[in-house]
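Hi everyone, thanks for coming along. Please have a look at the sequence and the structure on the screen, and then I'll walk you through some of the packing.

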Amino acid sequence: MNEPIGVAVLGCGYWGINYVRVFDQVPGARVVVACDQRPERLAEVKRQVPGVAITDSVEEMLATPGVDAVVVCTPATGHFAVTSQCIAAGKHILVEKPIATTVAESDELIRQADARGVLLMVGHTFVYNAGVRKVKEYLDADEIGTVYYLYSRRTNLGPIRHDVNALWDLAPHDISIFNFLLDSVPEWVSAVGARVLQNGREDVGFISLGYPDGVVAHVHVSWADPHKVREVVVVGSEKRIVFNDLLTPEQVKVFEKGIAPAPPEAPSYGEYHFTVRDGAIISPRIDVSEPLKTQSRHFLECIATGSTPLTDGRAGRDVVAVLEAIDRSIAKQGAPVDVEWGRLYDYSARRNAARLSETAN
């Protein structure tokens with residue numbers, strides 16, 4: 001495409017304002033219009049990017065000349081309605097996570113986008129994080145041995161959402177990271193939640209996920225923890241890798257330590273039941289990049305080339321299927337429940353079809 005891709009941003013809260021800034025900076029795009037029903041948020045858009053048109057009407061936004069794509073940053077409960085409206089208008093879509101609040105709605109959005117011939121991508125931003133991608137490199141190179149398990153912590157004092165609970169707000173990040181790292185999706189879920197802030201929804205959650213080949217994962221999320229943590233850990237037989245989003249410049253640390261069953265020729269069960277490996281701690285070099293900018297550039301590339309996004313509608317739907325299973329498990333006080341996929345999508349084929357830009361910025 002020779003002309004810049006015209007972008008509209010629907011919803012100008014924290015993430016919407018950031019999308020306006022990023023698409024104003026990324027080559028190959030221009031922000032045409034921003035839409036929000038709050039005058040103070042539209043005023044903030046004009047303050048930051050004076051040349052952007054503003055409106056409080058979705059219909060007016062979609063009718064604005066030059067709009068090729070829409071970034072949807074509205075509350076999650078409204079994603080289905082406004083995304084459907086934008087697809088019907090023939091616009092390419094980047095919708096913030098979660099894609100919708102039910103699997104049925106997610107599937108319907110995928111169907112609509114396919115029928116209309118427009119791109120549907122979901123904003124699972126951590127998949128585009130350089131640190132997470134570095135962890136993925138280690139797994140793809142088979143450098144950590146057998147993957148035993150993964151766990152993550154995502155805690156802070158708020159910010160408290162009023163459309164979804166803490167599990168729907170925070171856990172999609174970690175579920176999408178785990179799915180990306182393992183090239184797989186969970187088969188079962190066990191989850192418990194608590195309403196410690198008495199605000200009518202779960203603000204603390206503990207989630208266990210069962211992946212194929214016996215790999216298990218755990219997610220702890222909270223709006224009520226005074227210690228802010230953004231951490232993902234992968235434990236293997238040869239190495240342990242820690243991704244800490246708050247620790248710069250050493251976001252990733254590789255611990256060359258592991259434990260594995262002894263080889264068959266070990267002389268006795270008691271003497272050599274396990275072999276322990278203890279080595280160095282490495283902080284690999286990671287290119288500095290802004291994940292939101294990398295994700296936005298990928299969106300533009302996929303529009304221009306017709307490629308399948310790394311986090312397409314189906315990847316977003318996979319995360320929603322897990323979240324629905326989490327709700328069912330919480331209702332059963334943590335009893336394990338199967339994730340109801342309907343049909344499993346081929347992760348390997350999807351990953352091979354989607355190529356991230358190697359340009360850091």
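Let's begin where helix H7 meets helix H9. On the H7 side the residues in contact are Leu167, Trp168, Ala171, Pro172, Ile175, Ser176 and Asn179. On the H9 side they are Asp318, Val319, Val320, Val322, Leu323, Glu324, Ile326, Asp327 and Ile330. Sorted by class, this contact of H7 with H9 has 11 nonpolar, 2 polar and 3 charged residues. Please keep in mind that we are looking at a predicted model.

How do we describe such a pair? Two packed helices are described by the angle between their axes and the distance between the axes. Here, H7 covers residues 166-182 and H9 covers residues 313-331. Their axes come within 10 Å and cross at roughly 125 degrees, which makes H7 oblique to H9. The crossing of H7 past H9 is right-handed.

While we are on H7, let me point out one residue in this helix, His173. Is His173 buried or exposed? His173 has a relative accessible area of 14%, and therefore counts as buried, since the cut-off for buried is under 20%. Which residues does His173 touch, leaving aside its neighbours within four places in sequence? The contacts of His173 are Lys97, Phe126 and Arg154. For a sense of scale, take Ile54, which is 119 residues away from His173 along the chain. The C-alpha atoms of Ile54 and His173 are separated by 30 Å.

Now for a second helix pair, H1 and H2. H1 spans residues 14-25 and H2 spans residues 39-48. They pack at an angle of about 25 degrees, and their axes are 10 Å apart. That angle makes H1 roughly parallel to H2. The crossing of H1 and H2 is right-handed. From H1, the contact uses Tyr14, Ile17 and Val20, and from H2 it uses Arg41, Glu44, Val45 and Gln48. By class, that contact has 4 nonpolar, 1 polar and 2 charged residues.

Let's turn to the sheet. What is the order of its strands? This is an open sheet of 6 strands, ordered S3-S2-S1-S4-S5-S6, and the pairing is parallel. Strand S3 (53-55) and strand S6 (120-123) are at the edges, each with a single partner strand, so each has one side without a neighbour in the sheet. On average, neighbouring strands of this sheet are turned by 25 degrees against each other, direction ignored.

We can follow the pairing strand by strand. Strand S2 (residues 29-35) and S1 run parallel and are joined by 6 bridges. One partner pair there is Gly6 with Arg30 in S2. Helix H2, which we met a moment ago, packs on the sheet and touches S2 and S3. The direction of H2 makes about 175 degrees with that of S3.

Next comes S4. Strand S1 (residues 5-10) is joined to S4 by 4 bridges, and the two run parallel. Leu10 stands opposite Val72 in S4. S4 also has 4 bridges to strand S5 (residues 92-96), again running parallel. In S5, Ile93 is the bridge partner of Val70.

One last idea. In a regular strand the side chains alternate between the two faces of the sheet. Look at strand S4, residues 69-72: Ala69 and Val71 point one way, while Val70 and Val72 point the other way, and all are buried.

Thanks for listening!

Key:
Residues are numbered from 1 along each chain as its sequence is written. This is a predicted model: local features need pLDDT of at least 70, side-chain atom pairs count only at pLDDT 80 or more; totals for chains, interfaces and linings use all residues. Side-chain values use heavy atoms; hydrogens and water are left out. Axes are lines fitted to C-alpha atoms, for helices over the stretch in contact, and angles run from 0 to 180 degrees between N-to-C directions. Angles under 35 degrees count as roughly parallel, over 145 as roughly antiparallel, 65 to 115 as roughly perpendicular and the rest as oblique. A crossing is left-handed if the near helix is turned anticlockwise from the far one by less than a right angle, and right-handed if clockwise. Contact means heavy atoms within 4.5 Å. Ala, Val, Leu, Ile, Met, Phe, Trp, Tyr, Cys and Pro count as nonpolar, Asp, Glu, Lys and Arg as charged, and the others, Gly among them, as polar. Buried means under 20% relative accessible area, exposed over 50%, partly exposed in between (1.4 Å probe, protein chains only). Two strands pair if DSSP finds at least two bridges between them.
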